[in-house]
Amino acid sequence: MAHIQCLSSHVADLIAAGEVVERPASVVKELLENAIDAGASAIVVELEHGGLTYLRVTDNGCGIAPDELPTAFLRHATSKLRCAEDLSAIGTLGFRGEALAAIAAVSRVDIFTRQTGADSGAVLHLEGGVAGEVTETGCPEGTTICVRDLFYNTPARMKFMKKDSAEGAAVGGIVQHLALSHPHISFKLLRDGAEVLHTPGDGKLLSAIYAAMGRDFAMGLLPINGSGGEVTARGFITKPLHGHGTRGRQVFFVNGRFVKSQLLTAALEEAYRNRLLKGKFPGCVVHIDLPPDAVDVNVHPAKTVVKFVSDKAVFDALYYTVRDALDAENKPAAPAPRQESFYQSMTVQQYKEAAAAKDEGKKPLGSYTTRPIAPVSVVEKSALQGEVRDVMPQHAAAPITPAKPIVPFTPAAEEVPAAPAPKAEEPMQQAVSLPAQPAEEVQQTIEEKAAPWRMVGEVLRTYIICEDDSGNLWLIDKHAAHERLRFDALKADPAPLMSQMLLTPLTVSLAAEEYGAVLEHLDTLRRFGFECEDFGGGTVLVRQVPADIRTGDAASTLEELAQKLLLGRIDPEGVRDELLHTMACKSAIKAGMITDKTELAALVEKVQSGEIAYCPHGRPVAVKLTKYEIEKMFKRA
Ligand code: ADP
Ligand code: MG
């Protein structure tokens, strides 16, 4: 075996560099954090080729003394941490004292710096970590660090780099997050000479959001500010009507640090429960603040994970703050009345008139069907409840819930006093597809569907009602059924999807990560019918969209595909199916849409033949009510 030796400092630097400097975005993050720590009020970031060939950060902070300049580039050189005890009270952002050393080890660096009030500044050039001489120079107060040819001496790392556009988008994400957590600092980002972001630094979070996330997003927001115990939650959340197709616009900070947290996502979305359209997600820019000892920040500085001492305290603080804000917003416009309370609040005379109108087949006042057609929404669900209650004893209304796949269905009976609304699809579950259903269950359906079915009609513009020869009643979810059909067809055909050219190209503005994913996968998207190009600043230009998707759905479809492409980094195998799911879902007939009888009949036939039983996400396509079960509800059996 070879002898044990100490690594040379150069090799040690390269190893450390690998940890700190992963890609241009991590360089930018370190340099920006240093500039923020230096008290800058304005910071400019410039990059070329996604930051791989050229990256420059200029700040107007305190600057570095010329004689300390070489020291700043030594490993473990920091002005922010002097003893082990300091570790527990890290106020500044960067603290490991290795960023500059790590960056310099894998690139060519020029640094210009002049301390506030100093007559002149200093400049230093480093190449692969080797420093030249510090020389005096004239330069503005503050610090400019220019990083060229990143990874020029570590070709292995270079291979991992994505396309310039994707690296540039990742840098955009970092700048965006820091701009949102430091609204009192003006951030400017220039990519290949073009300005893609510029925040005013006026101290207002909303101004920073407007500049960093776009006008459309900023216009659909509600402020929140609340606390529970030692935890405060403040910032902005989307109004329920402004839901987004993905979670890409949920931005959380904990004590000023950008984090990704399932707990915070869950608290936010739970507060929106039943307020957003199906498939829509709230966006937000929320700052959670809590005492430093209530949160573990001593994780790797490049990571965005966070651990709370009390998950519940944090969840509650955010959940109730958001819920209260949403409730308050709802107050001026009365919430949609539920059918029974509508009747309860009527005078006898009004009731009679309404009942008479109903008898004549007219819609009574306050009928839900006059609302705009929407995908199965809360409104329709409560209408279903209301309708059922009108004709059924209360306890019998519950079983309509298609909680289980096609299995003989058991009324929940007496112990359920009121009908729970059909279970809304859990937003959290949408990202993960459910496991395929066991084959026996599908088999069971096929056997039971030997006799021809009679289509009775469609209710709630969603469910097809059928009757089979053995006295069973079937409810078919037309969207789920069609989605399955589309999915199978798309999956069987490896050819690229047909696309349609748009008369005027569509601009779609995306969250930073999704933007990166789209630019990285332009070819894949082309196979799915989307012809996109980079428009800069988080926006893509879409020239062609899949032929069987409504143009109005194109933007949300693209957003969803981008989200799935991001997930595909974790599971590249499953990504094609996931993308097909999206395409199938978006091109399928929707709940709430008017559908031709012949189309419905075609779906019934497919369900009956056993060709489809579950939608691609594993939800049932049809539920069965046996004659016996119906009789039991009416106390006949
Ligand atoms: P750390 O930030 O963990 O201290 P770095 O390697 O990032 O370690 O920076 C080393 C030191 O260089 C900092 O502690 C700071 O004193 C100085 N420094 C770095 N960047 C700047 C800047 N933009 N303005 C002023 N001082 C800076
Ligand atoms: Mg630092």
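Two strands pair if DSSP finds at least two bridges between them; helices (H or I, at least four residues) and strands (E, at least two) are DSSP runs numbered from the N terminus. The model is predicted: local features need pLDDT of at least 70, side-chain atom pairs count only at pLDDT 80 or more, and totals for chains, interfaces and linings use all residues. Residues are numbered from 1 along each chain as its sequence is written.

**Exercise 1.** Determine how strand 20 and strand 22 pair, and place both in their sheet.

Solution.
- Strand 20 and strand 22 (residues 539-546) pair over 7 bridges in the antiparallel sense.
- S509 has T539 of strand 22 as its bridge partner.
- The open sheet has 3 strands in the order 20-22-21, paired antiparallel.
- Strand 20 (499-509) and strand 21 (531-536) are at the edges with a single partner strand each, so one side of each lacks a neighbour in the sheet.

**Exercise 2.** Find the relative direction of helix 6 and helix 17 and describe their contact.

Solution.
- The packing angle of helix 6 (residues 164-181) and helix 17 (residues 512-520) is about 175°, and their axes are 8 Å apart.
- Axes are lines fitted to C-alpha atoms, for helices over the stretch in contact, and angles run from 0 to 180 degrees between N-to-C directions.
- The two helices are therefore roughly antiparallel (over 145 degrees).
- Contact (heavy atoms within 4.5 Å) involves S165, A166, A169, G173 and Q176 of helix 6, and A512, Y515, G516, L519 and E520 of helix 17.

**Exercise 3.** State how helix 17 lies relative to strand 21 and strand 22.

Solution.
- Helix 17 lies across strand 21 and strand 22, at about 55° to strand 22.

Conventions. Chains lettered and ligands numbered in written order. Heavy atoms only, no water. Parallel < 35°, antiparallel > 145°, perpendicular 65-115°, else oblique.
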